[in-house]
Amino acid sequence: MTRTIRTLGLAARHDFLIQVTCPSCRHEACFLAGDLASIYGEGRSIASLRFKCSQCHGPDGRALPFRQESSRKREMVVWRPVKVKAQG
Ligand SMILES: [Zn+2]
């Protein structure tokens, strides 16, 4: 099931969350797929998303879609992305 979710638009329609794990320090962050779709576009491939780790600024984290109810955590923080306009 999870493997068939390839784009942010599809993930958003199924109420998926996007979990990003830093390959270096294992720091994790969760985003609502709908939030990311509104910024990166619904056709954006989840596998192509890259996130900089806020803890170690290490290598780019990999994004994986998952369903909220499948999470083992009872509580989690969901980050809301903010679009920042680049200068120039
Ligand atoms: Zn890290």
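A residue counts as buried when its relative accessible area is under 20%. Keep that cut-off in mind as we walk through this structure, which is a predicted model.

**A buried aspartate**

Let's start with D35, a residue of helix α2, which covers residues 33-40. D35 has a relative accessibility of 14%, so D35 counts as buried. Which residues does D35 touch, leaving aside its neighbours within four places in sequence? The contacts are W79, R80 and P81.

One of these contacts has an extra feature: D35 and R80 form a salt bridge, with their closest N and O atoms 2.8 Å apart. This pair links distant parts of the chain, since D35 sits in helix α2 while R80 belongs to the segment after β4 (78-79), 45 residues away. The two partners also sit in contrasting surroundings: D35 is buried at 14%, whereas R80 is exposed, with a relative accessible area of 57%.

**The salt bridges together**

Side chains of opposite charge can pair when their charged atoms come close. How many salt bridges does the structure hold? There are 3, and here they are side by side:

| Salt bridge | N to O distance |
|---|---|
| R13 and E42 | 3.7 Å |
| D35 and R80 | 2.8 Å |
| D60 and K52 | 3.2 Å |

Take the pair of R13 and E42, whose side chains meet at 3.7 Å, N to O. R13 lies in helix α1 (residues 8-13) and E42 in the loop between α2 and β3 (62-67), so this salt bridge ties together parts that are 29 residues apart in sequence. Is R13 buried or exposed? With a relative accessibility of 58%, R13 counts as exposed. Its partner E42 is partly exposed, at 47%.

In the pair of D60 and K52, D60 is partly exposed, with a relative accessible area of 34%. K52 is exposed, with a relative accessible area of 57%.

**The fold as a whole**

Now let's step back to the whole chain. Its secondary structure comes to 2 helices and 4 strands. Read from the N terminus, these elements follow the order α-β-β-α-β-β. Among contacts with a separation of 6 or more, 63% are between residues 24 or more positions apart. Of the 88 residues in the chain, 31% are buried. The chain exposes about 6400 Å², and carbon and sulfur atoms supply 50% of that area.

**Strand β1 and its partners**

Strand β1 spans residues 16-21 and is mostly covered, with 5 of its 6 residues buried. Which strands pair with β1? One partner is β3, joined to β1 by 6 bridges, and the two run antiparallel. Within this pairing, Q19 has L64 of β3 as its bridge partner.

Another partner is strand β2 (residues 28-32), which pairs with β1 in the antiparallel sense over 5 bridges. Here T21 stands opposite E28 in β2. How many residues lie between β1 and β2 in the hairpin they form? There are 6, and R26 in the turn has a positive phi of about 65°.

As you look along β1, one idea may help. In a regular strand the side chains alternate between the two faces of the sheet.

**Putting it together**

To sum up, β1 pairs with β3 through 6 bridges and with β2 through 5. Elsewhere, the salt bridge between D35 and R80 links helix α2 to the segment after β4.

Key:
Residues numbered from 1 in each chain as written. Predicted model: local features only at pLDDT ≥ 70, side-chain atom pairs only at ≥ 80, totals over all residues. Heavy atoms only, no water. Buried < 20%, exposed > 50% of the residue type's maximum accessible area, 1.4 Å probe, protein only. Contact = heavy atoms within 4.5 Å. Areas by Shrake-Rupley, 256 points an atom, 1.4 Å probe, with all protein chains shown as cover. Salt bridge = Lys/Arg side-chain N within 4 Å of Asp/Glu carboxyl O. Pairing = 2+ DSSP bridges.
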